Every structure is written in C-alpha cells, then in structure tokens.
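Colleague: Could you take a close look at one part of this model with me? I would like to go through its packing step by step.

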Amino acid sequence: MKGTAMKQYTWRPANGTDVGAIVALAESHFQTEIDNIFTPSPLAYSRNITYAVVNQFFSPNTELLYVVYDNDNLIGYTWAKACEYAPWSDDPMVSVRMVHLDLHLTSRDRVRLIQDMMKLWETFASSINVKIICSTTMRRDQTAFLKLHERNGYDVRGSYAYKKLV
C-alpha cells in the first residue's frame, strides 16, 4: 500500500504583513499556555513581534522569526533570540521564544513542522557561531514536544531542552 504524499510547506522570514496573523495564531494558544498566570495582551504581543521583525531585518544576527503558510493561512511560526545567557555561564545561546502551530494540522504535519523549526534554530545558531540552543515549553502537556527534542539530540531537563552544536 502506498502512503499519501505529505504536503510541502515553505518557511520564510516573517515581515510586517505577517504580524496580524502571528498574533491571531498566538491568541488561539493563550488560554492553554498562559492560563491565569499572565494577562495576555494582543497589543503587547503585536509590539514584541513587530520589534522582532525589525530586528531580524536590520540586525539579522539577533533574532529569528520565521513563518509557514498553507495557501493564505498561517499554520505556524517560530521565534528565537540570539545571544541570551544562562545565569551561570558566559556561553551565548539561542533561546527559542515561541513555537506555535495550527493545532488543526495532522499530528504528522505538526511533527514535521517542529522538526523544520529545529533545523531553522540550528542553522541560525551556526550562522552566528553560537553553539547552544535552549528551547522551553510552558504548556501543561509537554511530553510529545519534549520527546521530539530528545529524538533530535536535545538534552531535556524538566521543561528545558538544550542542544550543544558541534
């Protein structure tokens, strides 16, 4: 029996026209991720995403913000910041700030898109000569997300996943 071909998706750097769609997708995750700890503000998120777009354009070694669409619908984005530091080390790292996907996608597509994101983080880190990537999750159900990290060479510690590039 022949398997069905997976749809091909193309990632690209986010630009100003993507901000509204990114914020809308993030808002669909706010209730399951933020709960009652923070008060979500679409205005604040929009401002921070806009700063990331500008930084990525004018200072490309500082932030990574990539989007993926299915036709005209944003189905995912990832956001990472360069040269963050752990409090116990002077080793710079790329810190993954956000991973959001349309949860209506098949689990197979979501897994593949997360693997794409990991490649984007690693390419970004390598391009700026940073050897450590830190990805975290604040979702209550984080098992599958962190298992994907483990399968891709990350050292998972609680809700943090670290990878040291060679």
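Which residues touch the most other members of the largest nonpolar core? And please follow the packing on from there.

Modeller: Gladly, and do keep in mind that this is a predicted model. The largest nonpolar core has 29 residues, and Val94, Leu113, Trp121 and Ile133 are the ones that touch the most other members. At least two residues of this core come from each of β2 (63-70), β3 (73-85), β4 (92-101), α3 (107-127) and α4 (143-151). The largest share, 8 residues, is supplied by α3.

Val94 is a good place to start. Leaving aside neighbours within four places in sequence, Val94 is in contact with Ala80, Lys81 and Ala82, with Phe124, Ala125 and Ile128, and with Val130, Ile132, Ile133 and Cys134. There is also a second, separate core of 17 residues, which includes Ala14, Tyr45, Ile49 and Met98.

Now to α4. Its buried residues include Phe145, Leu146, Leu148 and His149. These four span an arc of only 150° around the axis, so they lie on the same side of α4. On the face turned away from that buried side, α4 carries the exposed residues Ala144 and Arg151. Among the elements covering the buried residues of α4 are β4, α3, β5 (132-136), β6 (155-157) and β7 (160-164).

The helix pair deserves a look of its own. The axes of α3 and α4 are 11 Å apart, and the two helices pack at an angle of about 50°. An angle of this kind falls outside the parallel, antiparallel and perpendicular ranges, and α3 and α4 are therefore oblique to each other. The crossing in which α3 passes α4 is right-handed. From α3, the contact is made by Val111, Ile114, Met118 and Trp121; from α4, by Phe145, Leu148, His149 and Arg151. Trp121 thus turns up again, having been listed among the residues that touch the most other core members. Arg151 also returns here as part of the helix contact, although Arg151 is an exposed residue.

Finally, look at either end of α4. In the loop between β5 and α4 you will find Thr137. Thr137 has a relative accessibility of 11%, and it counts as buried because the cut-off is under 20%. Apart from neighbours within four places in sequence, Thr137 is in contact with Gln142, Phe145, Leu146 and Ser159. Two of those partners, Phe145 and Leu146, are among the buried residues of α4. Just after α4, Gly153 adopts a positive phi of about 85°.

Definitions and conventions: Residues numbered from 1 in each chain as written. Predicted model: local features only at pLDDT ≥ 70, side-chain atom pairs only at ≥ 80, totals over all residues. Heavy atoms only, no water. Core = buried A, V, L, I, M, F, W, Y, C linked by side-chain atoms within 4.5 Å. Buried < 20%, exposed > 50% of the residue type's maximum accessible area, 1.4 Å probe, protein only. Contact = heavy atoms within 4.5 Å. Arc of directions from axis to C-beta. Axes fitted to C-alpha atoms, helices over the stretch in contact; angles between N-to-C directions. Parallel < 35°, antiparallel > 145°, perpendicular 65-115°, else oblique. Left-handed = near helix turned anticlockwise from the far one by under 90°.
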